[in-house]
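Grab a pencil and work through these exercises with the structure open beside you. Try each task yourself before you read the solution under it.

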Amino acid sequence: MASRLSFPDAALPSSTEEIRLRIRAFLEAEIAAGTYVPSCDTWLSGHDADFSRKLGANGFLGLTWPKQYGGHERSALDRFVVVEELLAHGAPIAAHWITDRQSGPGILKHGNDALKEELIPQMAAGEIYFSIGMSEPDSGSDLASIRSTATKVDGGWLLNGTKVWTSQAHNNHYFIVLVRTQPIAESGGKHNGMSQFVMDLRSSGVEVRPIRLLSGHHHFNEVVMTDVFVPDHMMLGVEGNGWNQVVGELAFERSGPERYLSTYPLLAALIDAVGPEPSAEAAAEIGLLVARLAGLRRLCVSVAISLDAGRLPVTEAALVKDLGTRLEGEIPEVARRLVAPGRIERFDQLVADSVLSAPGFTLRGGTNEILRGIVARELGVR
Amino acid sequence: MTAVDALLLETVESIFGDLCTPEAVGAAEGGLDARLWSALTESGLSTVGVAESVGGSGGTLHDAAAIAKAAGRFAAPVPLTETSVVGGWVCEQAGLQLPDGPVAVVLGGGRTYWAPVAASFVVVTDRGVGVVPAGALTVGATGANYAGEPWAEVTVGAADLVAGPSVAEAAARGALARALLMAGALQQAVELSVLYANEREQFGKPIGKFQILQHYLAEMAGEAVVAEAACDNAVDVIAAGADSAEVSQVIAAAKATTGRAVGIINRLAHQLHGAIGYTDEHRLQYTTRRLWAWRDEHGSEAQWAAELGRSLAAAGGPALWPTLVSWPRPLAV
């Protein structure tokens, strides 16, 4: 029943308005200066280290992190606002995206002091970038079946195995990798015996192989680890607790505005492309997309407020991601139906980028089929 | 967001729960359920959200919206939202006393929902608004929607009119009322489907064990939740004192989203319920017939979506984002 899903407060505090206006002014100035051209799906494909450093220098990264590590100790809702403005303005944010969203928070939560002191200030400055090391060739939706291992040696661990779909591993400095530190046979259950490590992607024994997408873009990689030495202090959190650490972050990973705004720049361009007096059909299609988007944003804000209040709305996040990723995939479908190609070059580019990236929307971060299973369970299907 | 009084909601749900049995809802078709109407009137629930100064029970639009959603969820066979959310609002805007008894709202004349059972008409024309006893206007052909909720063709004759909301503004209010009813009924369709998926067994197990049906249920829940969110946006933005153009936009979004959800949720709910679900004896039909009717009343999803799309196009692409993030308004804390 829908009422088992809870989407309480949905209004952002007015204290978030100050930083919204600040980031918006910053982005409008950058666009006007020609620093970047607003594009779609930039949180995965728009890797621009200069831009990330500029965001760091202007205080827009590590917003919620402690000041002692270079953070700004602002609320998670301030960060939500900054992130949604970055996405809506199609800014190139892939370099620091994972770092700011989950690697930094993960290290702050589970890392030891040495790790925090070494890495967090550079992360907040937008100078070092992280990737995710979870999926493997034979472990996608069934993540707990991973086979990569870490074996204890003097002063550290030796990591072996292959990670895949590692976005930006060829550009980034580190990834946080989930591996088995205990075989399933001994761990007392499939979900036990896994641990997380912070691994330098330039360590010896690491091979990063590109995986090109059908669009020709390269952000995915395969990362092969052969006896890669990782020192003890780079273990993240508690040995054997890797699964819980990963799952605890899913609500954060799944509910963000990137789950429905990946093609927003195209929607805004579509409104201009149909002109101020569109046909009834065009008006209705655009109106319905925006109506749904507005509803979704409310749900997304509500999840963010719940997270900020210390709740863990895992099911609600799954539901928002299922709805949002399908909607962001519908935007290019509508756009190409309403505006013929060959009229507006930038519009055509946005359509092309969106159409060719769309298959990923409903796959990354948990497929929609997995998400619907989570929602159905919460609805009370036995 | 303005919190709705928990006690109020409890009272509402207990009245609807007691009186809106499938038998009572079925028996009321073609008219209204007089017992339910009396219960709502006696407890003051039929005019929540309408100022006491014009004869209402007081309370906020948020309270009225919560009651409207509950009425939709329980398929309440009474012109509750016509009386409070639409008629009461017109009266309050115009400073007219809201009469006792069920109200129908005449929008310039023509098909008027609930007219055959109304004690009074709230008349809205572009020359002004007024309140008249039901007998004072010419009532022509009558009929009923898919759910047996009656209507009649009403001709507006000479009446005492005062300044008030325009026909378009009152029609938008009607669309808001239908959207709220739909938000509740959509939730009920999902709830009934979850119950049935757990209780019906085939191949030796509850059909809810089948992944395809789990996915149907998740999709239905998602559409219901996003539709309700669009309604909640509308209520928040209207309560914050938006101007008429923006009120029209948020109501358009609510009516378009709920109307769209009906097509998806009704289809999947009936598919999941199998043949029994579209028989007269199963209660699902009281919900799905209302949903099919309400999505067409006071403007279909296509009409409202086009209305919203036209206003967005006129404002231009760069104006969209600031508009989106102002629904709902940030809250001073």
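**Exercise 1.** Find which residues Leu186(B) touches, not counting residues up to four places away in sequence.

*Solution.* Step one is the rule: two residues are in contact if their C-beta atoms, placed from the backbone, lie within 7 Å. Step two is to apply it: Leu186(B) touches Ala224(B), Ala227(B), Thr258(B), Ala261(B), Ile265(B) and Leu291(B).

Before going on, note that this is a predicted model, in which local features need pLDDT of at least 70 and side-chain atom pairs count only at pLDDT 80 or more, while totals for chains, interfaces and linings use all residues. Residues are numbered from 1 along each chain as its sequence is written, and chains are lettered from A and ligands numbered from 1 in the order in which they are written.

**Exercise 2.** Say which residues touch the most other members of the largest nonpolar core, and which helix gives the most to this core.

*Solution.* First, the terms. A residue is buried if 20 or more other C-beta atoms lie within 10 Å of its own, exposed if 12 or fewer, and partly exposed in between, with C-beta atoms placed from the backbone. A nonpolar core is a set of buried Ala, Val, Leu, Ile, Met, Phe, Trp, Tyr and Cys residues joined through C-beta atoms within 7 Å. Next, the result: the largest core has 230 residues, and those touching the most other members are Phe197(A), Met199(A), Leu186(B), Leu217(B), Ala221(B) and Ala234(B). Finally, helix α6 (residues 167–199) of chain B gives the most to this core, 19 residues. Helices (H or I, at least four residues) and strands (E, at least two) are DSSP runs, numbered from the N terminus. As background, nonpolar side chains tend to be buried together in soluble globular proteins.

**Exercise 3.** Describe helix α8 of chain B: its span, its kink and its surroundings.

*Solution.* Start with the span. The expected value is 1.5 Å times one less than the number of residues. For the 30 residues of α8(B) (244–273) this is 44 Å, and the distance from first to last C-alpha is close to that, at 42 Å. Next, look along the helix: α8(B) has a kink of about 25 degrees centred on Val262(B). The bend at a residue is the angle between axes fitted to the seven residues ending there and the seven starting there. Then count burial: 21 of the 30 residues are buried, so α8(B) is largely enclosed by the rest of the structure. Just after α8(B) comes Gly274(B), with a positive phi near 65 degrees.

**Exercise 4.** Do the same for helix α5 of chain A.

*Solution.* The 17 residues of α5(A) (94–110) should span 24 Å at 1.5 Å a residue, and the end C-alpha atoms are 24 Å apart, which agrees. A kink of about 45 degrees is centred on Asp100(A). Because 13 of the 17 residues are buried, α5(A) is largely enclosed by the rest of the structure.

**Exercise 5.** Work out what the side of chain A that touches chain B is made of.

*Solution.* Begin with the contact: 51 residues of chain A meet 53 residues of chain B. On the chain A side, α10 (264–274), α11 (280–308), α12 (314–338) and α14 (368–379) each supply at least two residues. With 17 residues, α11(A) gives the most. Sorted by class, this side has 33 nonpolar, eight polar and ten charged residues. Here Ala, Val, Leu, Ile, Met, Phe, Trp, Tyr, Cys and Pro count as nonpolar, Asp, Glu, Lys and Arg as charged, and the others, Gly among them, as polar.

**Exercise 6.** Two residues other than glycine, Glu73(A) and Trp114(B), have a positive phi. Is each one buried or exposed?

*Solution.* Take Glu73(A) to begin with: phi is near 50 degrees, and this residue lies in the loop between α3 (49–57) and α4 (76–88) of chain A. Glu73(A) has 11 C-beta neighbours inside 10 Å, so it counts as exposed. Now Trp114(B): phi is near 70 degrees, and its place is the loop between β2 (110–113) and β3 of chain B. Trp114(B) has 24 other C-beta atoms within 10 Å, so it is buried.

**Exercise 7.** Find what kind of peptide bond joins Trp327(B) and Pro328(B).

*Solution.* Check omega: the value is about -10 degrees, and the bond is cis. Then locate Pro328(B), which is in the segment after α11 (317–324) of chain B.
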